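Here is a short tour of one chain, written for someone who likes to check geometry against coordinates. Have the viewer open and follow along.

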Amino acid sequence: MLINYDKYSLSIDNQRTLIKSAAIHYFRMPGHDIWRDRLSKLKAAGYNAVDIYFCWRYHSPEPGKYDFTGIRDIRALLDITAELGLYVIARPGPYINAEVSLGGLPFWLLNMPNINLRNKKDGDFAYSEIFMKYLREWYSRIIPILNEYHNIIAFQIENEYYTNEAEPDYIQELYDLARSMGIKAPIFHNDVLGFGLYSDIVNIYAFDNYPSINMSFDWREFPDSFGVLDHAEENLGDCKEDAPLYLAELQSGWYDKWNGLGYDYIRKLFGREHINIVTKTVLSQGITMFNHYMGCGGTSWNQIPSSEVYTSYDFAALVTEPGIPGESYYKAKEINYFLNAFNLSSTDLIAEGSDIVITETENTFARLRQDNLNGCKWLFIRNLNKESMNFKLENGDKLSIKPFDMKILPVDLDLKGCKMDFSGMSVFARTEYNDKEILLMLIEENNEVKLSGFDSIKTDLAAKKTDNLAIISGEDLKNLDCCELIKNNKSTKIIFLDRDTSDKTWVVDNKIIVGPDLLTDKLEKAGFCKHRESKTISINREIEVNTHKVSDPEKIELPQLQNPQCFRASPEIDPAYDTSSWNFLKEEKFDCITNEIYDDYIWYKGIFSGHIQEIEINAKHCYSIYLNGRQIFHFDCLVYQEGCEIPEKITFNVDKKFLREKGPNELTILVQNLGFDRGFQNELRTPRGVISFKTFPEKKIEWKIRGGLTPVIEEWTESLAENLEEASDNSYLKLLYFIFEYEKNSNIYNPLLLDLSDVPFEKADIFLNGNMIGRYWKEKSPQVYFYLPDGFLDNKNIISLVIWDIKSENLFEKGYETPKNYVKIKIGNVKPFKLIPLKELI
Amino acid sequence: MNVLPSFILKKIYQKGSLKKTREGVSFKLKNILGPGIVTGINFIKINNKIYNSSVIKIIKSGASTVAEQISSDNPLIFKLNEDVTCVIQNCLGLQEGLNKIMVELISKDVGKVSVSVSEVL
């Protein structure tokens, strides 16, 4: 693939190409079928590229070891992108942020002596040869794989990097390294500050922009939020004079956090409007490369998440975590289809503001760009007011825009059968064949389309017609109304769609399919959530219309969770538990980094003589302390203030009744590590586990340490149940265990969810066939439904919950012998979609 | 707290703007980063002396606001490329030579932000 670029756009194989990309996290979507489904959905929405972070830690469990097999087989992922004809924007870090633990760096890097992660220390540049050594190793593994693929159109080095004085050395070395390893594609860095940083090193200057990141505020109240985008061409356009400006992360959602508002809320907050405004504003700046972040939601399973986020990484993305297109998906599809209809990859600003709009008012925005490829002009016009606005243009045309809406409207657009002088209604899509074309347009009330230059017009519409001019008003239009205009034996057929119909309208291989809710499986299958008539409009020598009646999806029988079994799961709490295989603390320090223990759970055990009155502890994140097998304290230390992690050192009194009068006393501490920081605002190297511990009076305690919970480290399938039951009398952690069977049906898209909306406990980790797919925590997270990722489902499945109610008042005691009577866990679904081969509809 | 890198701070602070005035001391900041919504100004520190928001005045587009009136309900909209003048009333803390200034404010989006700069008089 030949990739060139100039100030306007990329040219791929000598074709100017507007890059419409959306981001996925393959590591949050375990399973090749999920990759195929999600990438197909992005392709169906008109994207021509996909942005992929490659997560170093996901592939490297220890130094020198790399895993690119199974769910980590990125060749399989890249094969799917190639089969779908998607370009790839490759972002292998080393740092990726992405709200993943340690920003995607391997945990083992923390063990390296004197390492400065990312060549940075306290914000200053601090070159680290040991970091570079391992980084070279990562690049030497990932880049040869990327080099096997010809659809890589851009390559990112580092991510959101800066130091106090913006030293260029590290970024320059990464650039040289990538080139020396054979990267041919243009190289960029993603500048989080939007400040032109490192633009003299890279080929393409890229920045990210999130106008709305505080979900407590409604973006509609702050029309100035889009200021960076409004001035991007002016402020950043010259960062690289010979290359296009790239919006490497353009907001299409936002992540929710512990104590957050939930994704239902965030989706409503963004609605369809936000993605419309940001994307069209970007296009108004002449930007021809954008990447919607995120395209698809995902699941932060196992140790993927940073400590800030809970399991669902739905992100209010275009496609939800379980793979259902959301409102913003359909809006993005509408914009992409327009961009596929008219290539806007070379435009120049010719007027703005009051030079275009006579009635310009506050919170409105207008720009007019000359299209160098299509020979027309495009009006970009926006209304951020709470009321609809009527605009009168300098040339006398009028239009109306709804609240918080933005449009891209054609001016003097030559079509095959006529000229579109102006349209206040938006173009949705176009298909063409030789001298014929079909133009799909959106019905937008209080707006008109002005057509001229035709020889004849065929229509039943109430168009105002004169000899050579037709004006069609939105008020006169019904869904699927059409007209045909002919000039010199060339024809343009215009079909008008209402919004609901446009959502269900797809363009595949120059065919228009009206009806499906989604397309999947390499666009070979159409999904319907209920019965509907589907229409296919093909344009060849003639325009042909086929209809097909689709019935409701068959009734689905969801797997039943029956006969749960419940076992005690924390024998480590018991006094005199055998710790002979445990390690002593290194350097008398408790933290996980010093002790090189990176499990979710860390156990500490120590013995002392005599009495203690107080304990002072600082630990991350949730912990319980047991004295002689009895819980004496619990706490969760998950405190963030405006994104910054707050330490909490706690002192508490020890109740004398738990102390043994004679003989040794045994302390056990269990700490749950919810992940490392992602290293955006905080330092990457933030210790976990117990960070400090003291008793008063101070006792000499020889501590031992071990990572992992018994049911996890002894492997689910072999050491369950009876052994555990016999192992302990304590009741602090419980293992709840279900077996269910599930038969996949390739004719239905039916993502499954585990429903914990009605359970009597506060906190549990959920495992599907041994993979931790959810952290349920009633008090801290709005998530009660947990997606069962398709890649982890088998015919016979085990769902296990490790229940840890750290609040003693909630101890999971009552009725524990008969959990089925009160543990109401069930498998649910979002909604099923009947899948029909697309060829049957055409 | 969000601490901005030095190279950005040098550009936010308008070099040469620090001066003694009849009211006290003033200096200028320019928003080069992006649209900001300031929901509070906690304090300004000049050479280790802290001035709280009741004695700080923000002048933007000719309009003056006492910093203690800035809140979530009454935010200060700080547009991209816009200048503000910060006035610390009755401040006598400037000295010949190096002066260290720190502004701690609260941004709607990123929380506490600290802007630390220095200027030689």
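## Two exposed residues and the helices around them

A:R75 counts as exposed, because 12 other C-beta atoms lie within 10 Å of its own, and a residue with 12 or fewer is classed that way. Please keep in mind that this is a predicted model. A:R75 sits in helix α3 of chain A. Apart from neighbours within four places in sequence, A:R75 is in contact with A:F68 and A:I145. Its C-alpha is 8.4 Å from that of A:L146, although the two residues are 71 apart in sequence.

Now look at A:D67, in the loop between α2 (56-59) and α3 (74-84) of chain A. Is A:D67 buried or exposed? A:D67 is exposed, because it has 12 C-beta neighbours inside 10 Å. Not counting residues up to four places away in sequence, A:D67 touches A:H59, A:P61 and A:R72. For A:D67 and A:G227, the separation is 160 residues in sequence and 43 Å in space, C-alpha to C-alpha.

Next come two helices that are mostly covered. Helix α1 of chain A runs over residues 32-44, and ten of its 13 residues are buried. Among the buried residues of α1(A) are A:I34, A:W35, A:L39, A:L42 and A:A44, along with the charged-letter names A:D37, A:R38, A:K41 and A:K43. What covers them? The cover for the buried residues of α1(A) includes β4 (19-24), β5 (49-53), α3, β31 (505-508) and β33 (518-520) of chain A. After α1(A) comes A:G46, which has a positive phi, near 90°. Helix α10(A) is mostly covered as well, with 13 of its 15 residues buried.

Do the lengths of these helices make sense? For α1(A), 13 residues at 1.5 Å each should span 18 Å, and the end C-alpha atoms are 18 Å apart, so the two agree. For α10(A), 15 residues at 1.5 Å each should span 21 Å, and the end C-alpha atoms are 22 Å apart, which agrees too.

Helix packing can be summarised with two numbers. Two packed helices are described by the angle between their axes and the distance between the axes. Here are two pairs side by side.

| Helix pair | Axis approach | Crossing angle |
|---|---|---|
| α1(A) and α3(A) | within 10 Å | roughly 30° |
| α9(A) and α10(A) | within 9 Å | roughly 30° |

Angles under 35 degrees count as roughly parallel, so α1(A) and α3(A) are roughly parallel to each other. The crossing in which α1(A) passes α3(A) is right-handed. On the α1(A) side, A:H32, A:W35, A:R36, A:L39, A:S40 and A:K43 make the contact, and α3(A) supplies A:A76, A:L77, A:I80, A:T81 and A:L84.

Helices α9(A) and α10(A) are therefore also roughly parallel to each other, and their crossing is right-handed. This contact joins A:I275, A:N276, A:T279 and A:K280 of α9(A) to A:S328, A:K331, A:A332 and A:I335 of α10(A).

Finally, step back to the whole chain. Chain A is divided into domain 1 (3-324), domain 2 (347-550), domain 3 (571-708) and domain 4 (720-834). The C-alpha centres of domain 2 and domain 3 of chain A are 64 Å apart.

How values were computed
Residues are numbered from 1 along each chain as its sequence is written. Chains are lettered from A and ligands numbered from 1 in the order in which they are written. This is a predicted model: local features need pLDDT of at least 70, side-chain atom pairs count only at pLDDT 80 or more; totals for chains, interfaces and linings use all residues. Domain bounds come from an automatic or database domain assignment. Helices (H or I, at least four residues) and strands (E, at least two) are DSSP runs, numbered from the N terminus. A residue is buried if 20 or more other C-beta atoms lie within 10 Å of its own, exposed if 12 or fewer, and partly exposed in between; C-beta atoms are placed from the backbone. Two residues are in contact if their C-beta atoms, placed from the backbone, lie within 7 Å. The expected span of a helix is 1.5 Å times one less than its number of residues. Axes are lines fitted to C-alpha atoms, for helices over the stretch in contact, and angles run from 0 to 180 degrees between N-to-C directions. Angles under 35 degrees count as roughly parallel, over 145 as roughly antiparallel, 65 to 115 as roughly perpendicular and the rest as oblique. A crossing is left-handed if the near helix is turned anticlockwise from the far one by less than a right angle, and right-handed if clockwise.
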